[in-house]
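Here's a short set of exercises to work through with the model open in your viewer. Try each task before you read the solution under it.

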Amino acid sequence: MTDCLFCRIVQKTIPAKIVHEDDRTVAFDDINPQAPVHTLIIPKKHVSAVQDCHDQDSDLLAQLMITCAKVATQKGLAQSGYRIVTNTGPDAGQTVFHLHLHVLGGRHLDWPPG
């Protein structure tokens, strides 16, 4: 998708501070961080949101979670803890309609959120 912001990051036509990349995922620091560590993990394949995933996407979804754990370790969050969040749809706060997971940490995160 040429008009998708995150697809353009995958294609490297717009800059991002990429902290991890493999054959199926890209992780980059959020430009509007909500915690000291706020990294987004996206699939290279365009998927609009969780509800657009199907059984054949199970390996991709597993890879996204594995990448979240790798990024959390890389960012020094593995011992203190971190939160993985995905927003699905406008009422949940999704503003870029390309599936993405937020890895948040580096401070105490209150519950419940929002």
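**Exercise 1. Place Ser 48 and find what it touches.**

Keep in mind that this is a predicted model. Start with the address: Ser 48 sits in the loop between S3 and H2.

Next, decide on its exposure. The relative accessibility of Ser 48 is 28%. Buried needs under 20% and exposed needs over 50%, so Ser 48 counts as partly exposed.

Now list the contacts, skipping neighbours within four places in sequence. Ser 48 is then in contact with Gln 94, Phe 97, His 98 and Leu 99.

Last, check a distance across the fold. Ser 48 and Gly 89 are 41 residues apart along the chain, and their C-alpha atoms are separated by 9.4 Å.

**Exercise 2. Do the same for Gly 89, and say whether it is buried or exposed.**

Gly 89 belongs to the loop between strand S4 (82–85) and S5. Its relative accessible area is 13%. The cut-off for buried is under 20%, so Gly 89 is buried.

For contacts, leave out residues up to four places away in sequence: Gly 89 touches Gln 94 and Phe 97. Compare that with the Ser 48 list, where Gln 94 and Phe 97 also turn up.

One more distance: Gly 89 and Gln 51 are 38 residues apart in sequence, with 9.4 Å between their C-alpha atoms.

**Exercise 3. Work out the overall layout of the chain.**

Count the elements: there are 2 helices and 5 strands. Put them in sequence order and you get α-β-β-β-α-β-β.

Then ask how compact the protein is. Its radius of gyration is 14 Å, close to the 13 Å from the globule rule for 114 residues, so the protein is as compact as a globular protein of that length. Along the principal axes, the C-alpha trace spans about 35 × 30 × 25 Å.

Two percentages fill in the picture. Buried residues make up 42% of the 114. Among contacts with a separation of 6 or more, 55% are between residues 24 or more positions apart.

Finish at the surface. The accessible area is about 6,700 Å², and carbon and sulfur atoms hold 54% of that. As for charge, there are 10 positive and 12 negative side chains, with the centres of the two sets 8 Å apart.

**Exercise 4. Which residues touch the most other members of the largest nonpolar core, and which elements build it?**

The core has 15 residues, and Ile 41 and Val 103 touch the most other members. Strand S3 (37–43), helix H2 (58–74) and strand S5 (101–105) each supply at least two residues of this core. H2 gives the largest share, with 5 residues.

Apart from this core there is another one, of 11 residues, including Cys 7, Ile 9, Ile 14 and Phe 28.

Now zoom in on Ile 41. Beyond its neighbours within four places in sequence, Ile 41 is in contact with ten-odd listed partners, among them Val 26, Leu 64, Val 71, Leu 101 and Val 103.Leu 64 is a good partner to follow up. Leu 64 lies in helix H2, and at a relative accessible area of 0% it is buried. Its contacts beyond four places in sequence include Thr 25, Ile 41, Pro 43 and Leu 101. Leu 64 and His 100 are 36 residues apart in sequence and 8.7 Å apart, C-alpha to C-alpha.

**Exercise 5. Describe the surroundings of His 102.**

His 102 is part of strand S5. Its relative accessibility is 11%, so His 102 counts as buried.

Not counting residues up to four places away in sequence, His 102 touches Asp 30, His 38, Thr 39, Leu 40, Arg 83, Ile 84, Val 85 and Asn 87. His 102 and Phe 28 are 74 residues apart in sequence, but 9.9 Å apart in space, C-alpha to C-alpha.

**Exercise 6. Look at two backbone oddities.**

First, the background: most residues other than glycine have a negative phi, and most peptide bonds are trans.

Go to Lys 12, in the loop between helix H1 (5–10) and strand S1 (18–21). Its phi is near 60 degrees, a positive value in a residue other than glycine. With 48% relative accessibility, Lys 12 counts as partly exposed.

Then check the peptide bond from Trp 111 to Pro 112: it is cis, with omega near 0 degrees. Pro 112 falls in the segment after S5.

How values were computed
Residues are numbered from 1 along each chain as its sequence is written. This is a predicted model: local features need pLDDT of at least 70, side-chain atom pairs count only at pLDDT 80 or more; totals for chains, interfaces and linings use all residues. Side-chain values use heavy atoms; hydrogens and water are left out. A nonpolar core is a set of buried Ala, Val, Leu, Ile, Met, Phe, Trp, Tyr and Cys residues joined through side-chain atoms within 4.5 Å. Buried means under 20% relative accessible area, exposed over 50%, partly exposed in between (1.4 Å probe, protein chains only). Helices (H or I, at least four residues) and strands (E, at least two) are DSSP runs, numbered from the N terminus. Contact means heavy atoms within 4.5 Å. The radius of gyration is taken over C-alpha atoms; the globule rule is 2.2 Å times the number of residues to the power 0.38. Accessible areas come from the Shrake-Rupley method with a 1.4 Å probe; for residues, only the protein chains shown count as cover. Lys and Arg count as positive and Asp and Glu as negative; His and the chain ends are not counted. The place of a charge is taken as NZ of Lys, CZ of Arg, CG of Asp or CD of Glu.
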